[in-house]
Amino acid sequence: MGYKKRIAVLSGAGVSAESGLSTYRDNGGLWDKYDPMDVASDVAWKQNPGLVLEFYNRQREKLKAVRPNEAHRLLASLEDKYNVDIITQNVDNLHERAGSTRVLHLHGEVTKIRPENTCNEADAFSEQYVVDCGYERVVLGDLAPNGAQYRPHIVFFGEPVPKIEKAIDIFSAADIVLIVGTSLSVYPAAGLYRYASGRTPVYIIDPADVPARDPRIVHIRKKATEGMLEFCKMLEEE
Ligand code: OAD
C-alpha cells in the first residue's frame, strides 16, 4: 500500500439539499422561516428553551424522513483510494449513513443531546455526557442522570466551537481540499481552507458564488451530486 493522499472536506447544508433538507440562507431556507437568534442561540436557550427544543424536534423529524444522496455516497467512496476526513457544519447524519467513516461535526449533531450544564469547551463534546436520542422528541422535563435538563447537542450561536482545533490540524495536513455546499458565511468554519499549505488545490462545489478569493480555488459551479461526479473525474485525471 502506497501513500494515500489526504482529502480534507468541508461540507455544508448544500450537500444535503438534494436529499430534501433545507439549507439555511438560500431563498426559502431555514433562516428565512426562523430567526436563528430565537431558536439556535445561547440566549434563546436561556429565554425560551421549549421553543429551541421544538425547533430541533422538527429537524429530527425531517431528518428521519430523508436519505443520503449521490453526493454523500461519492464522498464516502473516496475512502477507497484516499485518506478522507469530512469536517461538516451539518447537524444531520447523512454522511455517516452514506458510509463515511471519519466525520467531524463542527456544529454538533441533531440526533444527540447532553445535559444543559455542559456548555464549557471541555465538557460540551465530552463523550461521557453526550447521549444518542435518535429521532425521538425531547421536551422540557427530560432530565439527565445529574438532574439537569437535556439540551440539543448543537453549537448554538454565541457558543465556542470545541472541535475547531482538530479541524485546523486536519486542514493543515491536507493534500487536497474540497468545499461543498456551504455559503462560507459562518466562522471559524469558513476560514478552515486557509490552513491548507501553499500549493494545496482547493475545490469548491456550489451552484452559487461563494465569498472565497484565492488563486488555488477551482470552482465547480454545480449542485453537489453533479459536482461530485465532476470532482471524482478530475481526481482520476490528476
Ligand atoms: P447555507 O445555507 O449558509 O449555505 C448553503 C450553500 O449551499 C449555499 O452556498 C448554496 O448556494 C449551496 N447550495 C444550495 N443547494 C445546493 C446543492 N444542491 N448542491 C450544492 N450546494 C448547494 O449553509 P451552511 O454554509 O452550511 O449553523 O451554513 C453554515 C452554518 O450556518 C450551519 O452549520 C448552521 C447555520 O446557521 C448552526 O446552526 C450552528
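Let's start at the ligand: one of its nitrogen atoms has a polar side-chain atom of glutamate 18 at 3.3 Å. That is a polar contact, meaning a pair of N or O atoms within 3.5 Å. A quick note on what you see: this is a predicted model, where local features need pLDDT of at least 70, side-chain atom pairs count only at pLDDT 80 or more, and totals for chains, interfaces and linings use all residues. Numbering runs from 1 along each chain as its sequence is written, and side-chain values use heavy atoms, with hydrogens and water left out.

Back to the ligand. Tryptophan 31 puts a polar side-chain atom 2.9 Å from a ligand oxygen atom. Glycine 181 uses its backbone: an N or O atom there lies 3.3 Å from an oxygen atom of the ligand. How much of the ligand does the protein bury? Taken alone, the ligand exposes 800 Å², and 94% of that is buried by the protein (Shrake-Rupley areas, 1.4 Å probe).

Now the shell. It has 23 residues (a heavy atom within 4 Å of the ligand). Tyr24, Arg25, Thr182, Ser183 and Asp206 come nearest. By class, the shell divides into 10 nonpolar, eight polar and five charged residues. Glycine counts as polar here, and Tyr and Trp as nonpolar.

Next, domains, with bounds from an automatic or database assignment. Domain 1 is 1-20 + 69-107 + 161-238, and domain 2 is 22-65 + 112-154. Their C-alpha centres lie 25 Å apart. The contact between them (heavy atoms within 4.5 Å) takes 17 residues from domain 1 and 11 from domain 2.

Why does the ligand lie between the domains? Because domain 1 and domain 2 both give residues to its shell.

How values were computed
Polar contact = N/O pair within 3.5 Å; in protein donor to acceptor, adjacent residues only side chain to side chain.
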